[in-house]
Amino acid sequence: MSVSARDVQRIGELARLHLEDDELKRLTSDLNAILRHVDSLRDLGSTKQPEDSSQIGSKLESVSREHVEGPDKLREMPADFAPEWKEGFFLVPAPPGVHPSGDQ
Amino acid sequence: MSLQDKVLSSSEVLNFRGSGFRSLDDIKELEGGREGLNAFLAVAEPEDLEPCGQGPLEGVMVALKDNICTNRLPTTCGSRILEGYRSPYEATVVQRLRQAGALIAGKTNLDEFGMGSSTENSAFGPTLNPVDRSLVPGGSSGGSAAAVAAGYVRMALGSDTGGSVRQPAAFCGVVGIKPTYGRISRYGLIAFASSLDQIGTIGATVLEASLLLEVVSGHDTRDSTSAEKPVPRYRDAAVQGIEGMVVGIPTEYFPEQLDPPVRALLDEACERLVAAGAEVRPVSLPHTEFAIPCYYVLATAEASSNLARYDGVRFGARLPAEGLDRMYELTRGNFGAEVKRRIMLGTYVLSSGYYDAYYGTAQRTRASIAHDFTAAFNEVDVLFTPTSPTPAFPLGERVLDPVAMYLSDVFTVTANLAGIPGLSVPIGTVGGLPLGGQLLGPWWGESHIIAAAGALEASYREDT
């Protein structure tokens, strides 16, 4: 698969990255070079049978251990270390166009 | 005599000169002078150091890769977007180091957000290889490896998402360990690709890298992927020997294209393992050829999600703009070229219509790679491979060719995909440049690879 400059422009919008013309040109070329390499993954389907990805979890106990209920230490933490914290929310500077009262 | 007895303060230890110790002033002087390597992005002040506990690292200076959160020193991830950022909390590994008596000497340079194999992608300039300053130190933990190789510190922490501890350790001639996924808490490690990221240790010797691993390992309730498994005394494994150990040599890691001098050093290392009491036999890991494409799909997909938080609201230095969307774009324009490239690739492979073709296939391939290791470790105790196809390469050689740069990681990414431990240990030099041999072990088999590395190191030490 390959991507056009228009595709790359759209991907940039999805990723919230503004791309100048020279960046767009270079990224289109780079992404196509990378995708040519990545496309070898599709050969795998015809030559070797891919495994079920859930099998990885069976080897890593850390991601598949039984759920044990206990105190949630994270729940208490944000208020302890947040620079500013009010009524369960982090306080951040108002983004452009947003007034502190919440009115647009 | 101890620091707690106030016979010596930690700042006095760090400012002690002589006997091979580097003081904080030494590091500042060296880094700020013509011989500077740009290994450190921040060096601690004496008042940053205390308090610290009593333990196996009492009074020992340890450097931290600058993607590990500290509240006394800035944490930049090598990125303009986090320039001047000071975390309100410390990573679990930093707390464990302090409890063990270690002194945090400073924060080391890295490829931005850990994305790179040469430390050239730092917004604050590249780190130079102390062995040859015209060469890269490897990456992304190049600052940590260079700091240890240059003798600024004896130990440092890095992080390894696809080889970022092991490859720079190999390029700089020091020891690097990436443990099993879940062995070390990632709480306070700034995320790149969460299913692959793991903090690792770098040391001047196998014993030092192993001791540091022992100190920072263990379960942490603040990281749900950290494992509730006891931590062995890894320092003992470093000297236990390898009598009767079976070492597998995966044929896929020894391609015909390997340079003859590189192959000769690897063959010699195998002979040394046999001389130390091990049995060596060939094995196959048939899905190895798909590891790099699999890795770059999964790592970039996770990165595109993890780095969405740098929007000028949640994280990242906000740039003023008219309107919210423009503010997001301007703020995220502070990412460097490689980070943008990976966010773009990750966004593409996760997008509607391409998700299964790329991400789904890569997830299945990842399981096949893990299965290869399961089969191999039914036959052998550890695997021995090159850490990297070549020694350190010149600054600037691969920075404009992303695929060539990605292929630097061809022998290391598999350990991250499978979650197994890996270690790089020096096995000699090619044209005066250090080469690393990689030992891979089964899940939670750190002691096996440390033992094999310790035996190799002892064998080379006997030559000198």
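Which strands of chain B does helix α12 (residues 355–377) lie across? Here are my notes on this predicted model, starting with that point.

1. **Helix α12 and the strands under discussion.** Helix α12 of chain B lies across β9 (382–386) and β11 (433–440) of the same chain. Relative to β9(B), the helix runs at about 120°.

2. **The sheet in chain B.** Both of those strands belong to an open sheet of 11 strands, with mixed pairing. If you want to trace the sheet on screen, follow the order β1-β3-β2-β4-β6-β5-β10-β11-β9-β7-β8. At the edges sit β1 (40–43) and β8 (279–283) of chain B, each of which pairs on one side only. On average, and ignoring direction, neighbouring strands are turned by 30° against each other.

3. **One strand pair and the helix on it.** Within this sheet, β4 (residues 155–159) and β6 (residues 199–203) of chain B run antiparallel and are joined by 5 bridges. In this pair, Leu157(B) stands opposite Thr201(B) of β6(B). Helix α4 (residues 142–149) of chain B packs on the sheet, where it touches β1, β2 (61–65), β3 (103–108), β4 and β6 of chain B. The direction of α4(B) makes about 165° with that of β4(B).

4. **A cis peptide to look at.** The bond between Gly139(B) and Ser140(B) is a cis peptide bond, with omega at about 15°. Ser140(B) is in the loop between β3 and α4 of chain B, and α4(B) is the helix described in the previous point as packing on the sheet.

5. **A positive phi in chain A.** Glu87(A) is not a glycine, yet its phi is positive, near 50°. You will find Glu87(A) in the loop between β1 (85–86) and β2 (89–90) of chain A.

6. **Helix α11 of chain B, first partner.** Helix α11 (residues 337–349) of chain B packs with helix α9 (residues 291–306) of chain B at an angle of about 100°, their axes being 7 Å apart. At that angle, α9(B) is roughly perpendicular to α11(B). On the α9(B) side the contact uses Tyr296(B), Val297(B), Thr300(B), Ala301(B) and Ser304(B), while α11(B) brings Arg342(B), Ile343(B), Leu345(B), Gly346(B), Thr347(B) and Val349(B). By class, these contact residues are 6 nonpolar, 4 polar and 1 charged.

7. **Helix α11 of chain B, a partner from chain A.** Helix α1 (residues 5–14) of chain A also meets α11(B): their axes come within 9 Å and cross at roughly 95°. These two helices are therefore roughly perpendicular to each other. Val8(A), Ile11(A), Gly12(A) and Leu14(A) of α1(A) meet Met344(B), Thr347(B) and Tyr348(B) of α11(B). The contact has 5 nonpolar residues, 2 polar and no charged. Thr347(B) takes part here and also in the contact with α9(B).

8. **Another crossing in chain B.** Helix α3 (residues 92–99) and helix α6 (residues 206–216) of chain B pack at about 110°, with their axes 8 Å apart. That angle makes α3(B) roughly perpendicular to α6(B). Val93(B), Arg96(B) and Leu97(B) of α3(B) make the contact with Leu212(B), Val215(B) and Val216(B) of α6(B). In this contact, 5 residues are nonpolar, none is polar and 1 is charged.

9. **The largest pocket.** This pocket holds about 1300 Å³ of space. Its lining has 38 residues, and those closest to the centre are Tyr85(B), Tyr89(B), Arg309(B), Arg314(B) and Phe315(B). Chain A takes part too: its helix α6 (residues 73–81) gives the most to the lining, with 4 residues. The lining divides into 24 nonpolar, 4 polar and 10 charged residues.

10. **The cavities.** There are 6 cavities of 30 Å³ or more in the structure. The largest has about 70 Å³ of space; of its 13 lining residues, Gly114(B), Gly116(B), Ser164(B), Tyr295(B) and Asp409(B) are closest to the centre. Its lining has 3 nonpolar, 8 polar and 2 charged residues. The second largest cavity has about 60 Å³, and its lining includes Gly116(B), Glu338(B), Arg342(B) and Tyr406(B). Helices α11 and α13 (402–406) of chain B each supply at least two residues to that lining, which by class has 4 nonpolar, 2 polar and 4 charged residues.

Key
Residues are numbered from 1 along each chain as its sequence is written. Chains are lettered from A and ligands numbered from 1 in the order in which they are written. This is a predicted model: local features need pLDDT of at least 70, side-chain atom pairs count only at pLDDT 80 or more; totals for chains, interfaces and linings use all residues. Side-chain values use heavy atoms; hydrogens and water are left out. On a 1 Å grid over the protein atoms alone, a cavity is a set of points where a 1.4 Å probe fits but cannot get out, and a pocket is an open set with protein on both sides within 12 Å along at least five of seven lines; lining residues have an atom within 4 Å of a point. Grid points are joined across faces, edges and corners, and a volume is the space filled by probe spheres set on the points. Ala, Val, Leu, Ile, Met, Phe, Trp, Tyr, Cys and Pro count as nonpolar, Asp, Glu, Lys and Arg as charged, and the others, Gly among them, as polar. Axes are lines fitted to C-alpha atoms, for helices over the stretch in contact, and angles run from 0 to 180 degrees between N-to-C directions. Angles under 35 degrees count as roughly parallel, over 145 as roughly antiparallel, 65 to 115 as roughly perpendicular and the rest as oblique. Contact means heavy atoms within 4.5 Å. Two strands pair if DSSP finds at least two bridges between them.
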